[in-house]
Amino acid sequence: MREILRGDLEVLNLASVLQLIEAEAVTGLMTFDQGAEIRFKHGQLVSATIGHRKGVQAVEEMFLTPMATFVLSQAEVGEAALAEWKAL
């Protein structure tokens, strides 16, 4: 996987980073130091996990949990991730 962006969420706001990903139509994987992850396809959020939470609940938890650093990398997003997100 090729790294696109790395940052500190104490400096960059998570919502702003998500808006950038959408605006740039990024397809990839965003991982956080807490083990959370978000997958995007063409800038659209298609899956999210943090601990035992998935989907929308995971994204809500990410906004409530202090997150320090993240890495955004190019990655393919499979149809299973898309189907899972649509089912939520």
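Let's start in a loop: Ala25 sits in the one between helix H1 and strand S2. Helices here are DSSP runs of H or I with at least four residues, strands are runs of E with at least two, and both are numbered from the N terminus. Ala25 has a positive phi of about 50° even though it is not a glycine. Most residues other than glycine have a negative phi. Ala25 is also partly exposed, with a relative accessible area of 40%; buried means under 20%, exposed means over 50%, and partly exposed is in between, using a 1.4 Å probe and protein chains only.

A quick word on what you're looking at. This is a predicted model, in which local features need pLDDT of at least 70 and side-chain atom pairs count only at pLDDT 80 or more, while totals for chains, interfaces and linings use all residues. Residues are numbered from 1 along each chain as its sequence is written, and side-chain values use heavy atoms, with hydrogens and water left out.

Now step back to the whole chain. It has three helices and six strands, and if you walk along the sequence you meet them as β-α-β-β-β-β-α-β-α. The chain has 88 residues, and 36% of them are buried. Take the contacts (heavy atoms within 4.5 Å) with a separation of 6 or more: 59% of them are between residues 24 or more positions apart. On the outside, the chain exposes about 5400 Å², with 52% of that supplied by carbon and sulfur atoms; these areas come from the Shrake-Rupley method with a 1.4 Å probe, and for residues only the protein chains shown count as cover.

Next, the sheet. The six strands form an open sheet in the order S1-S6-S2-S3-S4-S5, with antiparallel pairing; two strands pair if DSSP finds at least two bridges between them. Strand S1 (3-8) and strand S5 (53-54) are at the edges with a single partner strand each, so one side of each has no neighbour in the sheet.

Follow the pairings across. S2 and S6 run antiparallel and are joined by five bridges, and Met30 has Leu72 in S6 as its bridge partner. S6 is also home to Ser73, which counts as buried at 11% relative accessibility. Leaving aside residues up to four places away in sequence, Ser73 touches Met1, Arg2, Glu3, Ile4, Thr27, Gly28 and Leu29.

S3 and S4 pair in the antiparallel sense too, over five bridges, with Arg39 partnered by Ser47 in S4. These two strands make a hairpin with two residues between them, and His42 takes a positive phi near 50° there. His42 is exposed, with a relative accessible area of 54%. One hairpin further along, S4 and S5 also have two residues between them, and Gly51 in the turn has a positive phi of about 60°. Two bridges join that antiparallel pair, and Thr49 finds its bridge partner in Lys54 of S5.

What do the helices do with this sheet? H1 lies across S1, S2, S3, S4 and S6, running at about 170° to S2. H2 packs on the sheet as well, touching S2, S3, S4 and S5, and its direction makes about 75° with that of S4. The axes behind these angles are lines fitted to C-alpha atoms, for helices over the stretch in contact, and the angles run from 0 to 180 degrees between N-to-C directions.

Look at H2 (residues 55-64) more closely: its buried residues are Gly55, Ala58, Val59 and Met62. They cover an arc of only 100° around the axis, which puts them on the same side of H2; the arc is that of the directions from the helix axis to the C-beta atoms. On the face turned away from that buried side, you'll find the exposed residues Gln57 and Leu64.

Finally, the inside. A nonpolar core is a set of buried Ala, Val, Leu, Ile, Met, Phe, Trp, Tyr and Cys residues joined through side-chain atoms within 4.5 Å. The largest one has 19 residues, of which Met30, Phe32, Ile38 and Met62 touch the most other members. Two or more residues come from each of H1 (14-23), S2 (28-32), S3 (37-41), S4 (44-50), H2 and S6 (69-74), and H1 gives the most, with four. As for Met62, its contacts beyond four places in sequence include Leu14, Phe32, Ile38, Ala48, Ile50 and Met67.
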